[in-house]
There are 2 protein chains.
Amino acid sequence: MSKFIYGRPYQVTTKGPQFTPCAPHSVLTRLGDKWTILVMSHLAIAPGFRLRFSELKRGIEGITQRMLTLTVRNLERDGLVVRHYYPEVPPRVEYELSTMGASMLPALEGFTSWISNNWQQIEENRRNFDAGD
Amino acid sequence: MSKFIYGRPYQVTTKGPQFTPCAPHSVLTRLGDKWTILVMSHLAIAPGFRLRFSELKRGIEGITQRMLTLTVRNLERDGLVVRHYYPEVPPRVEYELSTMGASMLPALEGFTSWISNNWQQIEENRRNFDAGD
DNA sequence: CAGGATCCCAACTGATACTG
DNA sequence: CAGTATCAGTTGGGATCCTG
């Protein structure tokens, strides 16, 4: 019999509670990588949820061409972003949040606002811990 | 002047929108690592939000002693988990969600439920993409 | 029991150069 | 402009052994 806790399904077994193969993990792993959240955030505030490659690159301080390519490619692979290719010269490519990608934003909001309210505390905790408790 | 979008502060500059040094990132990175969500989830359903080291280890399939130690140590460092040490023989150590750690759970819920509703689609998108669009 | 210490490999990330 | 290719450095994670 399957139960739910905070959005996560799990089963009560004789060995104790077992979470089903970590579905959220693969998503959180993507969001947790170095640039994904920044790309999503920029698309979220862009007109039409849409920006071209060079606009994203300019908007994100420090990202290299290679890492931006990898990041948007992974988002496209997940279906969170749609890639629009215009074979002009020079070529133009635009990235747009998909319907699913846009639907993630409100869901993400509660969590990111919790982070906004708590990250200073977390940073302070880390400093204290590193200073030797 | 600072604006907010989906819980994230950003500034409108002449170079376009700039997100302030990615505060959510360090938190998402922690949550996105391999074992953290599983540890948090097990504590979330434990009586008193509290489990001992060996209980966590038994509950999480495949985790090694080393990785569990690193994971709970990082959570302790962030202040999301409190470590209770009982110098008995043999020693007993219990990990408990802190107030802040517990306060994260409802915030996380909206996001994890979005993931629950969408991860099959994401997995399918990945398969299709990998099969050559 | 709950770890610390080592060693090792794989994956992620960055820098640079090249191209349709 | 928007990539791809290559190489190198760093980090994350696992396996194994040892200890208060």
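This passage describes the surface around one DNA strand, the salt bridges and a three-stranded sheet in a predicted model.

The model is predicted, so that local features are reported at pLDDT of at least 70 and side-chain atom pairs only at pLDDT 80 or more, whereas totals for chains, interfaces and linings use all residues. Residues are numbered from 1 along each chain as its sequence is written, chains are lettered from A and ligands numbered from 1 in the order in which they are written, and side-chain values use heavy atoms, with hydrogens and water left out.

The surroundings of DNA strand D comprise 20 residues, a residue being near a strand if one of its heavy atoms lies within 4 Å of it. Those that come nearest are A:Ser54, A:Gln65, A:Arg83, A:Tyr95 and B:Lys34. Of the atoms of DNA strand D that come within 4 Å of the protein, 58% belong to sugar and phosphate. By class, this surface holds eight nonpolar, four polar and eight charged residues; Ala, Val, Leu, Ile, Met, Phe, Trp, Tyr, Cys and Pro are counted as nonpolar, Asp, Glu, Lys and Arg as charged, and the others, Gly among them, as polar.

Polar contacts are pairs of N or O atoms within 3.5 Å; within protein, one atom must be able to donate a hydrogen and the other to accept it, and residues adjacent in sequence count only if both atoms are side-chain atoms. A polar side-chain atom of A:Arg83 is placed 2.5 Å from a phosphate oxygen of DNA strand D, and one of A:Arg73 is 3.4 Å from a phosphate oxygen of that strand. For B:Arg66, a polar side-chain atom lies 2.9 Å from a base nitrogen of DNA strand D. Two or more residues of the surface near DNA strand D come from each of helix 3 (53-59), helix 4 (65-78) and strand 6 (92-97) of chain A, and from helix 4 (65-78) of chain B. Helices (H or I, at least four residues) and strands (E, at least two) are DSSP runs, numbered from the N terminus. Helix 4 of chain A gives the most to this surface, with four residues.

In chain A, three strands form an open antiparallel sheet in the order 4-6-5. Strand 4 and strand 5 of chain A are edge strands, each with a single partner strand, so one side of each has no neighbour in the sheet. Neighbouring strands are turned by 25° against each other on average, direction ignored; axes are lines fitted to C-alpha atoms, for helices over the stretch in contact, and angles run from 0 to 180 degrees between N-to-C directions. Two strands are taken to pair if DSSP finds at least two bridges between them. Strand 4 (residues 50-52) of chain A pairs with strand 6 of chain A over three bridges, and A:Arg50 has A:Glu96 as its bridge partner in strand 6. Strand 5 (residues 81-86) of chain A is joined to strand 6 of chain A over six bridges, with A:Val81 opposite its bridge partner A:Leu97. Strands 5 and 6 of chain A form a hairpin with five residues between them.

Side chains of opposite charge can pair when their charged atoms come close. Over all chains, 18 salt bridges are found, each defined as a side-chain nitrogen of Lys or Arg within 4 Å of a carboxyl oxygen of Asp or Glu. A network of salt bridges links A:Arg50, A:Glu88, A:Arg92, A:Glu94 and A:Glu96. Within chain A, the closest N and O atoms of the salt bridge between A:Glu94 and A:Arg92 are 3.0 Å apart. A:Glu94 is buried, at 16% relative accessible area, where buried means under 20%, exposed over 50% and partly exposed in between (1.4 Å probe, protein chains only).

In chain B, B:Arg73 and B:Glu76 form a salt bridge at 3.6 Å, N to O. These two residues are three residues apart in helix 4 of chain B and therefore separated by about one helical turn. B:Arg73 is partly exposed at 28% relative accessibility, whereas B:Glu76 is buried at 18%. A salt bridge also connects B:Arg92 with B:Glu88 (2.8 Å, N to O). B:Arg92 is partly exposed at 21% relative accessibility, and B:Glu88 is partly exposed at 38%.
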